[in-house]
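Morning, everyone, and thanks for coming. I have one structure to walk you through today, so let me put it on the screen.

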Number of protein chains: 2
Amino acid sequence: MKRVVMKFGGSSVETIEKMQKIAGRIVKKRNEGYEVCVVVSAMGKSTNSLIQLAKQASASPNKRELDSLLATGEQVSISLLSMILQEMNQKAIGLTGFQAGIKTSGFHTNNRIEDIDVSHIEKYLNDGHVVVVAGFQGLNAAGDITTLGRGGSDTTAIALAAKLDCSCEIYTDVLGIYGVDPRLYPKAKKLYSISYEEMKEMAFLGAKVMEPRSIDIAHRYRVPLLVAHAHDEQEGTLIQEEDPMEHRPITGCSVSEKIVLVNIQHLPASLTLIAHLFVTLANEGVNIDMISQTQGSDGFVTLAFTASADDLDNLESVLGFLTHDEPEVIIHIDKHVVKVSVVGSGMRTQSGVAAQLFQLFADHGIVYKLITTSEISISYTMSKDHQHQAVQLISKAFDL
Amino acid sequence: MKRVVMKFGGSSVETIEKMQKIAGRIVKKRNEGYEVCVVVSAMGKSTNSLIQLAKQASASPNKRELDSLLATGEQVSISLLSMILQEMNQKAIGLTGFQAGIKTSGFHTNNRIEDIDVSHIEKYLNDGHVVVVAGFQGLNAAGDITTLGRGGSDTTAIALAAKLDCSCEIYTDVLGIYGVDPRLYPKAKKLYSISYEEMKEMAFLGAKVMEPRSIDIAHRYRVPLLVAHAHDEQEGTLIQEEDPMEHRPITGCSVSEKIVLVNIQHLPASLTLIAHLFVTLANEGVNIDMISQTQGSDGFVTLAFTASADDLDNLESVLGFLTHDEPEVIIHIDKHVVKVSVVGSGMRTQSGVAAQLFQLFADHGIVYKLITTSEISISYTMSKDHQHQAVQLISKAFDL
């Protein structure tokens with residue numbers, strides 16, 4: 001029997017009415033002869049409401065407790081969606097993360113899936129049930145409820161599809177993947193197909209439809225991934241192995257808005273000190289992105305890097321320790337920056353893309369601060385003031 | 001080290017502010033040298049909100065899914081209260097039913113605790129944590145999340161106290177146990193001590209402070225039980241072994257308002273049929289209370305019993321099958337009834353209480369329908385119209 005994992009995000013399940021609509025879509029898929037495993041997020045803004053309660057309870061809520069609190073959101077969704085499916089005479093059962101056999105490890109609020117024991121799910125699939133699994137959550141070896149952090153429900157869905165050896169359909173509130181965010185460039189074109197690598201790079205560089213870690217799992221286990229609209233039946237975007245016939249030099253342009261640029265001057269040139277800084281940041285769950293380091297002739301180092309604005313509290317507390325231990329250090333955090341990235345696997349074979357971009361920015365006076373490149377992308381950190389102009393220029397130049 | 005289980009109901013944890021108040025009380029107890037295990041219910045009316053969502057999702061929500069849905073309420077409470085305790089520099093950890101080792105069996109939405117593996121709780125208690133356990137829930141042998149039905153959080157607290165070999169304090173929104181509900185008789189007197197048996201009988205007969213099953217566990221395991229106000233420090237009521245020096249003939253008077261009286265006439269006098277009826281009612285989770293049966297000379301039987309008004313849907317569907325199979329049967333369900341009960345362990349040794357009651361009702365024209373008696377109580381089913389007068393007469397006559 002054919003199998004599929006269908007994933008619905010928070011905006012697709014924010015009311016009972018919306019759940020009834022997606023339940024219709026699930027039953028249709030089932031009637032087409034599929035065994036269906038569904039992964040759902042928490043209803044609409046319910047996770048935010050829980051976070052608000054946690055903030056009232058504590059200035060910095062304990063993360064183990066926060067995980068346990070947030071995990072209730074998806075548990076509510078699976079129960080209600082299962083009831084709705086049963087009301088439509090479709091056998092269905094809701095499973096929380098631990099009931100679905102999802103084992104995690106790592107830090108609270110930012111765990112990763114270690115393994116999934118799908119025997120429970122397969123038993124119910126074989127028995128004709130639609131199995132509705134709570135996304136975003138699992139259980140660690142200590143028996144604590146854990147959550148997977150951003151994009152966690154996508155990760156759950158894709159990891160399940162990998163384990164259940166089937167494809168995965170991500171239903172969301174956009175019609176598919178665009179070369180550039182239509183909110184930033186209204187003439188943006190939808191892509192009907194994109195490679196894992198390009199999608200991962202786009203996601204990593206700020207396209208918000210999916211998190212890179214999810215796509216990474218899909219890529220690693222070769223899970224075909226469809227991204228489509230939850231309430232609109234038009235064709236979405238298929239994420240799959242690269243098709244060498246279809247090389248475009250540039251697939252997309254993405255913007256990361258919620259970043260900060262950290263500049264540390266007059267840092268003693270000690271490998272131990274710098275390593276300790278990054279280890280401490282990692283332990284506090286601060287994700288560091290672009291790193292640039294220059295050494296002056298005075299024996300001191302200037303270090304610049306970007307980090308997620310969401311991690312600002314932890315970032316500032318770690319940097320606070322640094323200035324305490326090394327009082328001569330000068331730290332500046334610039335919050336008025338964005339990262340504009342250009343992605344395309346064609347950049348591997350077609351040279352000149354970077355040159356074209358530098359020329360474009362020079363012609364229009366767009367100043368950038370940090371630059372990083374990968375095999376298939378190039379990213380510029382710049383002032384928020386230049387973001388709009390940069391996206392327009394890139395989209396027109398590369399027909400996105 | 002001394003130990004105690006403190007239980008706080010939904011109205012005591014309905015806001016973060018109220019949780020902060022009870023957290024103060026918990027820390028105070030801890031500073032008095034107690035190891036403290038706390039049991040909490042869902043916040044205020046949150047269980048009702050979840051039930052409303054379930055009713056939107058399905059006309060008769062699947063009970064397994066309903067259990068999973070409702071269990072999120074207590075999970076929210078344990079996480080938030082633990083955060084608040086930690087914010088007050090008190091080590092604390094929240095445990096859901098399954099994490100606390102609570103194993104249940106029975107029917108979904110109405111399970112009973114089979115056993116508790118307290119090793120996880122004891123580990124944290126020994127380590128100086130306040131352990132905050134989600135009331136009302138557990139896990140069955142199939143790995144499904146279950147709930148315990150009415151009074152479930154009290155049951156959790158008392159069962160934990162039995163397993164942890166300590167006393168249990170039930171904090172609620174009343175100042176203690178009264179001989180008669182002060183809302184029904186404003187001059188009612190608070191009891192400072194009451195025996196398990198009397199309390200159980202009172203609860204069984206409608207006093208709403210605690211469910212009889214909870215008191216039954218306390219009695220069986222000799223768990224001393226204090227009932228007191230969550231936000232008022234005045235002395236509550238201690239429920240404990242009977243003190244033979246303090247026999248009062250009547251301890252209290254209680255009223256069950258949410259009942260219906262079922263009258264079945266022209267029922268064939270078949271033991272199999274009647275047994276089948278009660279077995280079916282039990283399987284549907286309908287709790288039957290007072291039963292009276294009379295046999296006519298025509299070979300037919302008249303059967304009357306009371307049931308909880310909450311079970312009315314299930315009751316009517318079972319009775320529907322009966323009229324389908326036995327079309328000559330005449331069923332009447334009277335919803336305008338209450339049960340007024342008089343309780344006192346002194347009734348064992350002091351005769352004349354029943355006679356006094358019958359005289360009282362006769363003098364004032366109070367008509368009753370069914371009567372049942374136990375060793376320490378006597379109950380009358382009567383029209384709602386007579387409830388007020390009956391309670392006033394009894395309270396005055398026995399100085400409650």
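I'll start with the pair of chains, then turn to the domains, and finish with a sheet in chain B. Please keep in mind that this is a predicted model.

So, how are the two chains related? As a general reminder, two copies of a chain are related by a rotation about an axis and a shift along it. Here, chain A superposes on chain B after a rotation of 180 degrees with 0.1 Å of shift along the axis, and the RMSD is 0.1 Å. That is the relation of a two-fold axis. If you want to find the axis on the screen, look for A:Thr72: within chain A, its C-alpha is the nearest to the axis, at 2.6 Å. Both copies use the same surface, with 100% of the contact residues of chain A recurring in chain B.

Now for the contact itself. On each side we have 25 residues, 25 of chain A in contact with 25 of chain B. Which elements of chain A give two or more residues to that side? They are helix H2 (46–57) and helix H3 (63–87) of chain A. H3(A) provides the largest share, 13 residues. By residue type, the chain A side divides into eleven nonpolar, twelve polar and two charged residues.

A quick word on domains. Chain A is assigned a domain 1, covering 2–173, and a domain 2, covering 253–398. The C-alpha centres of these two domains of chain A are 34 Å apart.

Let's move over to chain B and the sheet. Eight strands form an open sheet with mixed pairing, and the order is E3-E6-E2-E1-E9-E13-E14-E12. Strand E3 (92–95) and strand E12 (193–195) of chain B are at the edges with a single partner strand each, so one side of each has no neighbour in the sheet. On average, neighbouring strands are turned by 20 degrees against each other, ignoring direction.

Let me zoom in on one edge. E3(B) pairs with strand E6 (residues 130–134) of chain B in the parallel sense, over four bridges. One residue to click on is B:Gly94, whose bridge partner in E6(B) is B:Val132.

And what packs on this sheet? Helix H5 (residues 152–164) of chain B does, touching strands E1 (2–8), E2 (34–40), E6, E9 (167–172) and E13 (225–229) of chain B. The direction of H5(B) makes about 175 degrees with that of E1(B).

That's my tour; happy to take questions.

Definitions and conventions. Residues are numbered from 1 along each chain as its sequence is written. Chains are lettered from A and ligands numbered from 1 in the order in which they are written. This is a predicted model: local features need pLDDT of at least 70, side-chain atom pairs count only at pLDDT 80 or more; totals for chains, interfaces and linings use all residues. Two strands pair if DSSP finds at least two bridges between them. Axes are lines fitted to C-alpha atoms, for helices over the stretch in contact, and angles run from 0 to 180 degrees between N-to-C directions. Two residues are in contact if their C-beta atoms, placed from the backbone, lie within 7 Å. Ala, Val, Leu, Ile, Met, Phe, Trp, Tyr, Cys and Pro count as nonpolar, Asp, Glu, Lys and Arg as charged, and the others, Gly among them, as polar. Domain bounds come from an automatic or database domain assignment. Copies are superposed by least squares on the C-alpha atoms of residues with pLDDT of at least 70 in both.
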